[in-house]
Amino acid sequence: MSSTIGGLAAACTLAGQPKRRFQSTTPFVKAPASSSLGSVKPIAKSFGLRSPWSFRASMEVYKVKLISPDGGEQEIEAPDDSYILDSAENAGLELPYSCRAGSCSTCAGKLESGTVDQSEGSFLDENQMEQGYVLTCISYPRSDCVIYTHKEEEVH
């Protein structure tokens, strides 16, 4: 005859209470102060990804003037943590794009003045970047800029 405790077979119960390592009732576990996790990078950084929701204490906003093939000029405000293409769309402008990953030339423009960070791109070679070509889908402004848009044909 098997004995039961609280409706469960005695073989299924623990002989004693398990030892608790943490006293917290919160679902979040705080790492002990003595552990060193300094060499562990967040998974997104390991793959070179950026999160638009990452916290930054200060953010610069630059003026980016976009000049279309017909000479029309539009000036937008572009935060330094937002792609120029995204900032243009947020301002109601329509610019050409395809991949949004810097691996094609649909969104190509030519930088007349200013600086951008387009280190996430893979399509343009060093010579094209030295000539001022930028991919607006992966370019972050680093100063006030003037960019001629719709330059895909010139890149090929």
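Start by selecting arginine 100, in the loop between α2 and β5 (108-113). Helices are DSSP runs of H or I with at least four residues, strands are runs of E with at least two, and both are numbered from the N terminus. This is a predicted model, in which local features need pLDDT of at least 70 and side-chain atom pairs count only at pLDDT 80 or more, while totals for chains, interfaces and linings use all residues. Residues are numbered from 1 along each chain as its sequence is written, and side-chain values use heavy atoms, with hydrogens and water left out.

Stay on arginine 100. Its phi is near 60°, a positive value in a residue other than glycine. With a relative accessible area of 32%, arginine 100 is partly exposed; buried means under 20%, exposed over 50%, and partly exposed in between, with a 1.4 Å probe and protein chains only. Now add tyrosine 97: the charged end of arginine 100 sits over the ring of this tyrosine, 4.1 Å from its centre. The criterion is NZ of Lys or CZ of Arg within 6 Å of the ring centre and within 35 degrees of the ring normal.

Next, zoom out to the whole chain. The protein chain has four helices and nine strands, which run β-β-α-β-β-α-β-β-α-β-β-β-α from the N terminus on. Of its 156 residues, 29% count as buried.

Select the sheet β4-β3-β9-β5-β7, an open one of five strands with mixed pairing. Two strands pair if DSSP finds at least two bridges between them. β4 and β7 (133-135) stand at the edges with a single partner strand each, so one side of each has no neighbour in the sheet. On average, neighbouring strands here are turned by 35° against each other, direction ignored; the axes are lines fitted to C-alpha atoms, and angles run from 0 to 180 degrees between N-to-C directions.

Narrow the selection to β3 (residues 61-67) and β4, which pair in the antiparallel sense over seven bridges. Lysine 63 has glutamate 77 in β4 as its bridge partner. The hairpin of these strands has five residues between them, and glycine 71 there takes a positive phi near 90°.

Which aromatic rings pair? Select tyrosine 83 and tyrosine 140. Their ring centres are 4.7 Å apart and their planes stand at 35°, so the pair is tilted. Rings of Phe, Tyr and Trp (its six-membered ring) pair if their centres lie within 6.5 Å; planes under 30 degrees apart count as stacked, over 60 as edge-to-face and the rest as tilted. Tyrosine 83 is in the loop between β4 (73-79) and α2 (84-90), tyrosine 140 in strand β8 (residues 140-141), 57 residues apart. Both tyrosines are buried.

Last, select histidine 150, in the loop between β9 (145-148) and α4 (152-155). Histidine 150 has a positive phi of about 60° although it is not a glycine, and at 41% relative accessibility it counts as partly exposed. Histidine 150 also helps line the largest cavity, together with Leu95, Pro96, Cys107, Ala108, Gly109, Thr136 and Thr149. That cavity has a volume of about 30 Å³. On a 1 Å grid over the protein atoms alone, a cavity is a set of points where a 1.4 Å probe fits but cannot get out, and lining residues have an atom within 4 Å of a point.

How values were computed
On a 1 Å grid over the protein atoms alone, a cavity is a set of points where a 1.4 Å probe fits but cannot get out, and a pocket is an open set with protein on both sides within 12 Å along at least five of seven lines; lining residues have an atom within 4 Å of a point. Grid points are joined across faces, edges and corners, and a volume is the space filled by probe spheres set on the points.
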